[in-house]
Amino acid sequence: MSGFDKDWLGLRGPADRAARHDGLVDDLARYLSDMKDTRILDIGCGTGSTWRALNDRLPGAVHWGLLDHDPLLLEEAERRISANGRVGFCRHDLNDINTLPLKGVDVVTASALFDLCSERLCEAMADRLASTLCGLYAALNYNGIMHWSIPHALDEQIVDLFNQHQRTDKGFGPALGPDATACLARLLTTRGFSVRIEESPWRMDAGSTALQVALLNGLRQPLLEISELSEATIEGWLGYRLWAIGEPDSSCMVGHTDLLALPV
Ligand SMILES: C[S@@+](CC[C@H](N)C(=O)[O-])C[C@H]1O[C@@H](n2cnc3c(N)ncnc32)[C@H](O)[C@@H]1O
């Protein structure tokens with residue numbers, strides 16, 4: 001189990017879809033348009049949200065591989081997607097980058113994954129991408145910014161503490177958290193890739209109440225683990241933020257970035 005349950009991934013799916021930067025998807029489509037028998041490998045696929053967001057926007061008949069280490073998420077992805085004959089499913093632990101099945105793959109895609117990863121893993125990934133001349137579309141990596149239209153005096157401190165937690169080990173060694181996109185850009189630029197980065201924020205208002213509630217409730221444990229603020233202070237802040245969701249003109253922005261790196 002990965003700790004990412006399908007209900008949370010289902011809740012964030014529409015916000016992720018709206019947030020993805022269209023221009024990068026168009027660039028990816030243009031890059032693939034001259035190719036025949038295109039192959040994409042989506043790593044950390046969860047229930048298949050990258051496939052759902054991209055497949056209809058890419059040219060030709062793309063062959064997809066969906067890869068994750070969590071059997072339950074892979075099973076759900078297969079249940080939702082398998083009627084499409086051009087998708088294969090693969091269980092693999094990304095800590096083992098050397099045996100990642102990249103043979104014939106034109107582009108690796110990954111959504112909401114690299115902010116969980118360590119610099120060492122990104123370096124190993126960049127080496128493999130460079131040696132196979134494979135592109136990378138790395139979308140929706142958290143960039144460290146959270147902003148609420150209705151402020152609270154502790155917002156900045158809470159976001160700083162959450163960002164500290166984002167840099168702790170998420171199963172790959174010390175995580176890059178908000179530095180993931182900059183790290184990938186540096187590693188891939190130095191290996192000769194052409195790199196484009198764009199913002200892809202979640203913008204949530206009253207129409208995204210369930211996602212905002214789940215996001216706030218998901219902050220509780222990381223904030224307690226960092227243990228700089230008392231439990232009562234954290235609960236007080238969470239109570240205020242949950243109350244503010246229902247106020248007029250209330251909104252929340254969570255920053256992400258998308259990256260497209262193509263071999264030149
Ligand atoms: C935040 S979720 C994103 C899922 C999906 N890409 C999406 O956007 O909905 C991170 C994904 O990475 C997967 N993951 C975490 N650690 C992994 C590992 N060591 N090997 C393979 N996949 C892993 C999780 O199972 C989960 O599906």
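The exercises below work through the ligand site and the pockets of a predicted model.

**Exercise 1.** Identify which residues come nearest to the ligand, and describe how the shell around the ligand divides by residue type.

*Solution.* Start with the residues around the ligand, of which there are 20, and pick out those that come nearest, namely Gly44, Asp68, Asp93, Leu94 and Ser111. Then sort the residues of the shell by type, which gives 9 nonpolar, 8 polar and 3 charged residues.

**Exercise 2.** Find polar atoms of the protein that lie within 3.5 Å of an N or O atom of the ligand, the cut-off for a polar contact, and state how much of the ligand's accessible area the protein covers.

*Solution.* Begin with Asp68, which has a polar side-chain atom 2.6 Å from an oxygen atom of the ligand. Turn next to glycine 46, where a polar backbone atom is 3.3 Å from an oxygen atom of the ligand. Continue with histidine 69, whose side chain has an N or O atom 3.4 Å from a nitrogen atom of the ligand. Finally, consider the ligand's surface: on its own the ligand has 590 Å² of accessible area, and the protein covers 97% of this area.

**Exercise 3.** Determine in which pocket the ligand sits, and describe the volume and lining of that pocket.

*Solution.* The ligand sits in the largest pocket, and the volume of this pocket is about 1,200 Å³. The largest pocket is lined by 48 residues, and those closest to its centre are Phe4, Trp8, Arg12, Ala112 and Leu116. Assigning the lining to secondary structure comes next: the elements that give two or more residues to it include the helices α1 (6-19), α3 (49-54), α6 (155-166) and α8 (209-226), and the strands β2 (63-68), β5 (135-148) and β8 (252-263). Sorted by type, the lining of the largest pocket divides into 22 nonpolar, 18 polar and 8 charged residues.

**Exercise 4.** Describe the second largest pocket by its volume, and establish which element supplies the largest share of its lining.

*Solution.* The second largest pocket has a volume of about 160 Å³. Among the residues that line it are Leu9, Gly13, Asp16 and Arg17, together with Thr47, Ser49, Arg52 and Arg80. When the lining of the second largest pocket is assigned to elements, α1 and α3 are each found to supply at least two residues, and the largest share, 6 residues, comes from α1. As a last step, the division by type gives 3 nonpolar, 4 polar and 5 charged residues for the lining of the second largest pocket.

Note on methods:
Residues are numbered from 1 along each chain as its sequence is written. This is a predicted model: local features need pLDDT of at least 70, side-chain atom pairs count only at pLDDT 80 or more; totals for chains, interfaces and linings use all residues. Side-chain values use heavy atoms; hydrogens and water are left out. A residue is near a molecule or strand if one of its heavy atoms lies within 4 Å of it. A polar contact is a pair of N or O atoms within 3.5 Å; within protein, one must be able to donate a hydrogen and the other to accept it, and residues adjacent in sequence count only if both atoms are side-chain atoms. Accessible areas come from the Shrake-Rupley method with a 1.4 Å probe; for residues, only the protein chains shown count as cover. On a 1 Å grid over the protein atoms alone, a cavity is a set of points where a 1.4 Å probe fits but cannot get out, and a pocket is an open set with protein on both sides within 12 Å along at least five of seven lines; lining residues have an atom within 4 Å of a point. A molecule sits in a cavity or pocket if more than half of its atoms lie within 2 Å of its grid points. Ala, Val, Leu, Ile, Met, Phe, Trp, Tyr, Cys and Pro count as nonpolar, Asp, Glu, Lys and Arg as charged, and the others, Gly among them, as polar. Grid points are joined across faces, edges and corners, and a volume is the space filled by probe spheres set on the points. Helices (H or I, at least four residues) and strands (E, at least two) are DSSP runs, numbered from the N terminus.
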